[in-house]
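Work through the exercises below with the sequence and the coordinates at hand. Each task is followed by a solution in steps.

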Amino acid sequence: MAIVHELSWSTSRARTFATCRRRYYNDYYLSWLGWGRNADPERRQAYLLKKMTRLPMFAGDIVHRAIVEYFARRDQGLGWTAEEATAWGVAELRRGYKESRDGGWKARPAKSVRLAEHHYEEERIDEASGAAGDYGKRYVERISACLQAFFELPAITAARDAEPGDWLACEEMSTFELFDTKIFAIPDFAFLDPSGEPEPVVRIVDWKTGRPSDADRFQLEVYAFYARERWGVDPSRTKPVDVYLESGELAEVEVNEASLEETLARIEMSLSEMKAVHFDADRSKGDPEDFPMVPEGDARECGTCNYRELCGRG
Ligand code: SF4
């Protein structure tokens, strides 16, 4: 069945919309159909830029995949130690780095690792000066610290040791409908905690490998909404939490009917803003001028953005 361009919503899409409209356009419109080798060159360029990652994101992805692997092995009655997971994670980081640096990504761009740091020849990835070694070491240490915390942090023992029969989700892409729109939600891990008082609670966990941000809390609130829609869970029995693995801190949100109403209103507002500029990318590339760039000199947004070459920034 052919994939059809449609408007959907997720917290990450909303975040992109709020930070830079041009990035949003590139991510969700211009890059559409760019996966074909004979695609329109502009769409193809945007698609390849979209597929790039950065070392911090790649390291975070590795930690998430290691945790998924831990649960997959548990489900099969197999063990995996912190040391084994860390060795796998560090090897994966090195493999991806080389794939990006040596051009191995070109054979299968959509499935390979291409680092924006290499694409833009950033100073931080310069090997001759030794900068790349220091930069890479930071993420080797991050992977090691995050996985060590996952295996040892007492505050997440209930998640780590949850019985497979109590698991509800483990990074599965899932959707539900709101305002006639598909809403994407991917909880990192959710399980029924039988120790809740006076009755079992549903714990929804997001593993974080970076520093806390305002968007994290909103994401948890959307998961609580998802739990009600998908599993029919009373909001008062939902306990969503962000686990910041590198620092060992946990941030839980309080869920009740009032907070869900607020979340619903925020989703509706975000969706209506997206609908106002939506067009069918199967039929045209639209007008990029309808999606303004952030002001020139916004180093925070443009400095590490994948689309710098399209915008003439950096
Ligand atoms: S380079 Fe800057 S203006 Fe262009 S898409 Fe990225 S953040 Fe937006």
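Helices here are DSSP runs of H or I with at least four residues, numbered from the N terminus. The model is a predicted one.

**Exercise 1. Place L260 in the fold: which helix holds it, is it buried or exposed, and which residues does it touch?**

Solution.
- Step 1. L260 belongs to helix α10.
- Step 2. Burial requires a relative accessible area under 20%. L260 has 1% relative accessibility and therefore counts as buried.
- Step 3. With residues up to four places away in sequence left out, L260 touches E221, A224, F225, R228, P235 and V255.
- Step 4. For A224, the C-alpha atom is 7.7 Å from that of L260, while 36 residues separate the two along the chain.

**Exercise 2. Describe how α5 and α7 pack: at what angle do their axes cross, and which residues make the contact?**

Solution.
- Step 1. The axes of α5 (residues 82-102) and α7 (residues 131-152) come within 9 Å and cross at roughly 150°.
- Step 2. An angle over 145 degrees counts as roughly antiparallel, and α5 is therefore roughly antiparallel to α7.
- Step 3. The crossing of α5 over α7 is right-handed.
- Step 4. From α5, the contact takes A82, E83, A85, T86, G89, V90, L93, R94 and Y97; from α7, it takes A132, G136, Y139, V140, I143, S144, L147, Q148 and F151.
- Step 5. Sorted by class, the contact of α5 with α7 holds eleven nonpolar, five polar and two charged residues.
- Step 6. An α-helix has 3.6 residues a turn, so residues three or four places apart point the same way.

**Exercise 3. S100 is in α5. Determine whether S100 is buried or exposed, and list what it contacts beyond its sequence neighbours.**

Solution.
- Step 1. The relative accessibility of S100 is 1%, so S100 counts as buried.
- Step 2. Once neighbours within four places in sequence are set aside, the contacts of S100 are W105, V113, R114, L115 and H118.

**Exercise 4. Analyse the packing of α2 against α3: what is the angle between them, and how do the contact residues divide by class?**

Solution.
- Step 1. Helix α2 (residues 21-30) and helix α3 (residues 41-51) have axes 9 Å apart, at an angle of about 110°.
- Step 2. The range from 65 to 115 degrees counts as roughly perpendicular, and α2 and α3 are therefore roughly perpendicular to each other.
- Step 3. α2 passes α3 in a crossing that is left-handed.
- Step 4. On the α2 side the contact is made by D27, Y29 and L30, and on the α3 side by E42, R43, A46 and K50.
- Step 5. Three residues of the contact of α2 with α3 are nonpolar, none is polar and four are charged.

**Exercise 5. How many of the residues of α2 are buried, and what do they pack against?**

Solution.
- Step 1. The buried residues of α2 are R22, R23, Y24, Y25, N26, D27, Y29 and L30.
- Step 2. Eight of the ten residues of α2 are thus buried, so the helix is largely enclosed by the rest of the structure.
- Step 3. The buried residues of α2 pack against α1, α3, α10, α11 (299-302) and α12 (308-311).
- Step 4. In α1 (residues 11-19), the buried residues are T11, R13, A14, T16 and F17. Their cover includes β1 (8-9), α2, α9 (214-231) and α10 (257-277).

**Exercise 6. Examine three loop residues, E121, D180 and G130: where do they lie, and are they buried, partly exposed or exposed?**

Solution.
- Step 1. E121 lies in the loop between α6 and α7. Its phi is positive, about 45°, although E121 is not a glycine.
- Step 2. With a relative accessible area of 71%, E121 is exposed.
- Step 3. D180 is in the loop between β3 (174-178) and β4 (181-185). D180 also is not a glycine, yet has a positive phi of about 60°.
- Step 4. D180 has 77% relative accessibility and so counts as exposed.
- Step 5. G130 sits in the loop between α6 (116-119) and α7, and its relative accessible area of 31% makes it partly exposed.
- Step 6. From G130 to Y25 the C-alpha to C-alpha separation is 37 Å, and the two are 105 residues apart in sequence.

Definitions and conventions. Residues numbered from 1 in each chain as written. Predicted model: local features only at pLDDT ≥ 70, side-chain atom pairs only at ≥ 80, totals over all residues. Heavy atoms only, no water. Axes fitted to C-alpha atoms, helices over the stretch in contact; angles between N-to-C directions. Helix = DSSP H or I, 4+ residues; strand = E, 2+ residues; numbered from the N terminus. Parallel < 35°, antiparallel > 145°, perpendicular 65-115°, else oblique. Left-handed = near helix turned anticlockwise from the far one by under 90°. Contact = heavy atoms within 4.5 Å. Nonpolar A, V, L, I, M, F, W, Y, C, P; charged D, E, K, R; others polar. Buried < 20%, exposed > 50% of the residue type's maximum accessible area, 1.4 Å probe, protein only.
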